[in-house]
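Subject: Structure for your review

Dear colleague,

Please find below the structure that I am handing over to you. My account of what was found in it follows directly after.

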Amino acid sequence: MKQRRPARFFLIMIAILAAAGFFLRRSERAGAGAGWLIGASVAAGLACLFVSVTRKPCGAFAELFLPSKIDGAAGVAGSVLLAAGGFLLLVGSAGFARLVGALAILAGACLALASLTRARGRMPKVGLYVVAVLFYVVKLFYDFRHWTVDPAVLDYCFWLFAAICFMLATFHAAQFCFDLGKRRVLTFFALTGIYFGAVSLADLQGGEALLCGGSTLWMLACAWQALRADEYGKDGDE
């Protein structure tokens, strides 16, 4: 029997904070002060931390990743956007950026397969996550070369935070393939990934926006599974 669903409440809460952060970032870029944006970000971080530490510890894949249509839908949608962003980088860039684009396409395919496998309650191959983590590492390296040219930290810090959260959440999702996962850590990075991903969308365009939006949806899939594991029986939410 299905029980009460606080997971939905927590996701709605982080969605509201993410929307507020997005519009505050837009306002800040238009010339408003950054105080409200920084305050909202601190509040979002503390809220994510509170939600994470109140989750029951869990390290086994079968206990956390139950069959879920939401996981499959959000994960595949995010993967498609990720691959689309990679394609735009691949055809519209040169040099190292093309490698980033190619890795994004490959990571999108891998995360789509991982999401569909998890949606059926089966354990994905850990290599699918490894490819995605590699993409986020390479993307961080690529972006960092540009960020160091501009000393204005506020110009890039939200995208930096988002990329780190995307990478670490994917890494910790992979640990469940060995039944060595850390539910609270996965919950925290997935939720903060949603928030900082949404804020970063206020700055990005084209392929970069697709990469960020797709990764944010991937975080939503991970956060949903991490939050609702205690609320359903073995048949999941199907």
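Where does glutamine 205 lie? In this predicted model, glutamine 205 is found in the loop between α8 and α9. With a relative accessibility of 69%, glutamine 205 counts as exposed, because the cut-off for that class is over 50%. Its C-alpha atom is separated by 17 Å from the C-alpha atom of alanine 19, a residue 186 places away along the chain.

Salt bridges

The loop that holds glutamine 205 also holds aspartate 203, and this leads to the charged pairs. As a general point, side chains of opposite charge can pair when their charged atoms come close. The count for this structure comes to six salt bridges.

One of them joins arginine 25 to aspartate 203, with 2.9 Å between the closest N and O atoms. Arginine 25 belongs to helix α1 (residues 6–29), whereas aspartate 203 sits in the loop between α8 (183–200) and α9, so this pair ties together parts that are 178 residues apart in sequence. The two partners can also be described by their accessibility. Arginine 25 has a relative accessibility of 0% and therefore counts as buried. Aspartate 203, at 24%, counts as partly exposed.

Aspartate 203 also forms a salt bridge with arginine 29, and here the closest N and O atoms are 3.5 Å apart. This pair again links distant parts of the chain, since arginine 29 is in helix α1 and aspartate 203 is in the loop between α8 and α9, 174 residues apart. Arginine 29 is partly exposed, with a relative accessible area of 46%.

A further salt bridge connects the side chains of lysine 139 and glutamate 208, at 2.9 Å from N to O. Lysine 139 is in helix α6 and glutamate 208 is in helix α9, so that the pair links parts of the chain 69 residues apart. Are lysine 139 and glutamate 208 buried or exposed? Lysine 139 counts as buried at 5% relative accessibility, and glutamate 208 counts as buried at 18%. Through shared partners, salt bridges join Arg25, Glu28, Arg29 and Asp203 into one network.

The cavity

How many cavities of 30 Å³ or more does a search of the whole structure find? The search finds one. The largest cavity has a volume of about 50 Å³. Lysine 139, already met in a salt bridge, is one of the residues lining this cavity, and the others are Phe135, Tyr136, Trp159, Ala163, Phe166, Leu211, Cys212 and Ser215. By class, the lining divides into seven nonpolar residues, one polar and one charged. Helices α6 (126–147), α7 (153–175) and α9 (206–228) each supply at least two of the lining residues.

The nonpolar core

The largest nonpolar core has 70 residues. Those with the most contacts inside this core are Leu11, Ile14, Phe135, Tyr136, Leu186, Leu191 and Tyr195. Helix α7 gives the largest share of the core, with 11 residues. Phe135 and Tyr136 appear both in this group and in the lining of the largest cavity. If neighbours within four places in sequence are left aside, tyrosine 136 is in contact with Leu82, Leu111, Phe166, Met167, Thr170, Ser215 and Trp218.

Yours sincerely,
A colleague

Note on methods: Residues are numbered from 1 along each chain as its sequence is written. This is a predicted model: local features need pLDDT of at least 70, side-chain atom pairs count only at pLDDT 80 or more; totals for chains, interfaces and linings use all residues. Side-chain values use heavy atoms; hydrogens and water are left out. On a 1 Å grid over the protein atoms alone, a cavity is a set of points where a 1.4 Å probe fits but cannot get out, and a pocket is an open set with protein on both sides within 12 Å along at least five of seven lines; lining residues have an atom within 4 Å of a point. Grid points are joined across faces, edges and corners, and a volume is the space filled by probe spheres set on the points. Helices (H or I, at least four residues) and strands (E, at least two) are DSSP runs, numbered from the N terminus. Ala, Val, Leu, Ile, Met, Phe, Trp, Tyr, Cys and Pro count as nonpolar, Asp, Glu, Lys and Arg as charged, and the others, Gly among them, as polar. A salt bridge is a side-chain nitrogen of Lys or Arg within 4 Å of a carboxyl oxygen of Asp or Glu. Buried means under 20% relative accessible area, exposed over 50%, partly exposed in between (1.4 Å probe, protein chains only). A nonpolar core is a set of buried Ala, Val, Leu, Ile, Met, Phe, Trp, Tyr and Cys residues joined through side-chain atoms within 4.5 Å. Contact means heavy atoms within 4.5 Å.
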